[in-house]
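Biologist: I have a structure open and no clue how to read it. Could you walk me through it, one feature at a time?

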Amino acid sequence: MILSKRLKAIAEMVEEGAPIYDVGCDHCYLDIYLANLGHECIAIDIRPPVIKAARKNVQNSGLEYKIEVLLNNGLENIVLKEESFVILSGLGAKTILKIIDGKMLNKIIIQSNDNLYMLRKTMQERNYCIVDEKIVFEDNKYYVIIKFEKGRTVYTEQELLLGPELLKAKNDTFVNYLVEMNKHFDDVLLEIPDAYFKRREEVKIILEHIKTALK
């Protein structure tokens, strides 16, 4: 099976043989790919039509013995194995943080559609550290995938905003991402009235972090 660049980047972060809990599984393409690599997967979604399509795809793949498809609200009433990987992709940061709140999770892979600063900061406060990050550009959009593990680390504001591992690697895709972010916040700053001093200062700080990373 040929995966999208986004799903392939997620799959590459999964450790060999780990059982998978894929929350927001969509059509189960990632689970089918991982099951073919030997993983046992529990594919979870809250949308009945999506679950119906996912089950059909799993049946067509002949991997029912490797993939269980559940209609469920996130991780509610699910007992997780200690060595499991929980994958949450294609959801908003607030939704993701709510789903995993209070859960004893050791390894989590997250691809959030928004609020990456808030996501990194909240995960840091919950005693998670970032062990890997990837960025891909697909369908005219940037996707950031972050792998968290239990552990205490204090990140700088720049690292929380832009990603500590992305800053270290600083590949071409990340640089292009920074350039677009820089342009976006330059435009935002132009639209903020002078009277909104606090907001202007917040945006200026963001721009300073971006410009520093681009040097």
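Modeller: Sure, let's start with a pair of helices: H1 passes H2 in a right-handed crossing. Keep in mind that this is a predicted model.

Biologist: Okay. At what angle do H1 and H2 pack, and how far apart are their axes?

Modeller: The angle is about 40 degrees, and the axes of H1 and H2 are 10 Å apart. Angles under 35 degrees count as roughly parallel, and H1 and H2 are therefore oblique to each other.

Biologist: Which residues in H1 and H2 meet?

Modeller: From H1 you get Leu 7, Lys 8, Ile 10 and Ala 11, and they meet Tyr 29, Leu 30, Tyr 33 and Leu 34 of H2. Sorted by class, the residues of this contact are seven nonpolar, no polar and one charged. Here's a handy idea for looking at helices: with 3.6 residues a turn in an α-helix, residues three or four places apart point the same way.

Biologist: Is H2 mostly enclosed or mostly open?

Modeller: To judge that, go through the helix residue by residue, and call a residue buried if its relative accessible area is under 20%. In H2, which spans residues 29-36, six of the eight residues are buried, so H2 is largely enclosed by the rest of the structure. The buried ones are Leu 30, Asp 31, Ile 32, Tyr 33, Leu 34 and Ala 35.

Biologist: What covers the buried residues of H2?

Modeller: The cover includes three strands from the early part of the list, E1 (20-23), E2 (41-45) and E3 (67-71), along with E4 and the helices H1 (5-13) and H3 (48-61).

Biologist: You mentioned E4. Where does Ser 89 sit, and is it buried or exposed?

Modeller: Ser 89 is in strand E4, residues 85-91. Its relative accessible area is 8%, so Ser 89 is buried. Setting aside neighbours within four places in sequence, Ser 89 touches Arg 6, Ile 10, Val 23, Gly 24 and Gln 111.

Biologist: Next topic: phi. What sign should I expect?

Modeller: Most residues other than glycine have a negative phi. Now look at the exceptions. Asn 115 isn't a glycine, yet its phi is positive, about 50 degrees. You'll find Asn 115 in the loop between strand E5 (107-112) and helix H5 (116-125).

Biologist: How accessible is Asn 115?

Modeller: Asn 115 has 40% relative accessibility, so it counts as partly exposed. Asp 139 makes a nice companion: its phi is near 55 degrees, again positive in a residue other than glycine. Asp 139 lies in the loop between strands E6 (128-138) and E7 (141-150). With a relative accessible area of 70%, Asp 139 is exposed.

Biologist: And which residue just after H2 takes a positive phi?

Modeller: That's Gly 38, with a phi of about 110 degrees.

Biologist: Can we try another helix pair? How do H4 and H5 cross?

Modeller: H4 covers residues 93-100; its axis and that of H5 come within 9 Å and cross at roughly 20 degrees. H4 and H5 are therefore roughly parallel to each other. The contact uses Ala 93, Lys 94, Leu 97 and Ile 100 from H4, and Met 118, Leu 119, Thr 122 and Met 123 from H5. By class, that makes six nonpolar, one polar and one charged.

Biologist: How are H8 and H9 placed?

Modeller: Helix H8 (residues 172-191) and helix H9 (residues 197-214) pack at about 155 degrees, with axes 10 Å apart. An angle over 145 counts as roughly antiparallel, and H8 and H9 are therefore roughly antiparallel to each other. Their crossing is left-handed. The residues of the contact of H8 with H9 divide into 13 nonpolar, one polar and four charged.

Biologist: Last one: how many residues does the largest nonpolar core have?

Modeller: It has 46 residues, and Leu 88, Ile 100, Ile 110, Leu 119, Met 123 and Leu 162 are those with the most contacts inside it. H8 gives the largest share of this core, seven residues. Apart from it lies another core of 30 residues, including Leu 3, Ile 20, Ile 87 and Val 136.

Biologist: What does Ile 110 touch?

Modeller: Leaving out neighbours within four places in sequence, Ile 110 is in contact with Leu 88, Ile 96, Ile 100, Leu 119, Met 123, Val 144, Ile 145, Ile 146 and Phe 148.

Conventions
Residues numbered from 1 in each chain as written. Predicted model: local features only at pLDDT ≥ 70, side-chain atom pairs only at ≥ 80, totals over all residues. Heavy atoms only, no water. Axes fitted to C-alpha atoms, helices over the stretch in contact; angles between N-to-C directions. Helix = DSSP H or I, 4+ residues; strand = E, 2+ residues; numbered from the N terminus. Parallel < 35°, antiparallel > 145°, perpendicular 65-115°, else oblique. Left-handed = near helix turned anticlockwise from the far one by under 90°. Nonpolar A, V, L, I, M, F, W, Y, C, P; charged D, E, K, R; others polar. Core = buried A, V, L, I, M, F, W, Y, C linked by side-chain atoms within 4.5 Å. Buried < 20%, exposed > 50% of the residue type's maximum accessible area, 1.4 Å probe, protein only. Contact = heavy atoms within 4.5 Å.
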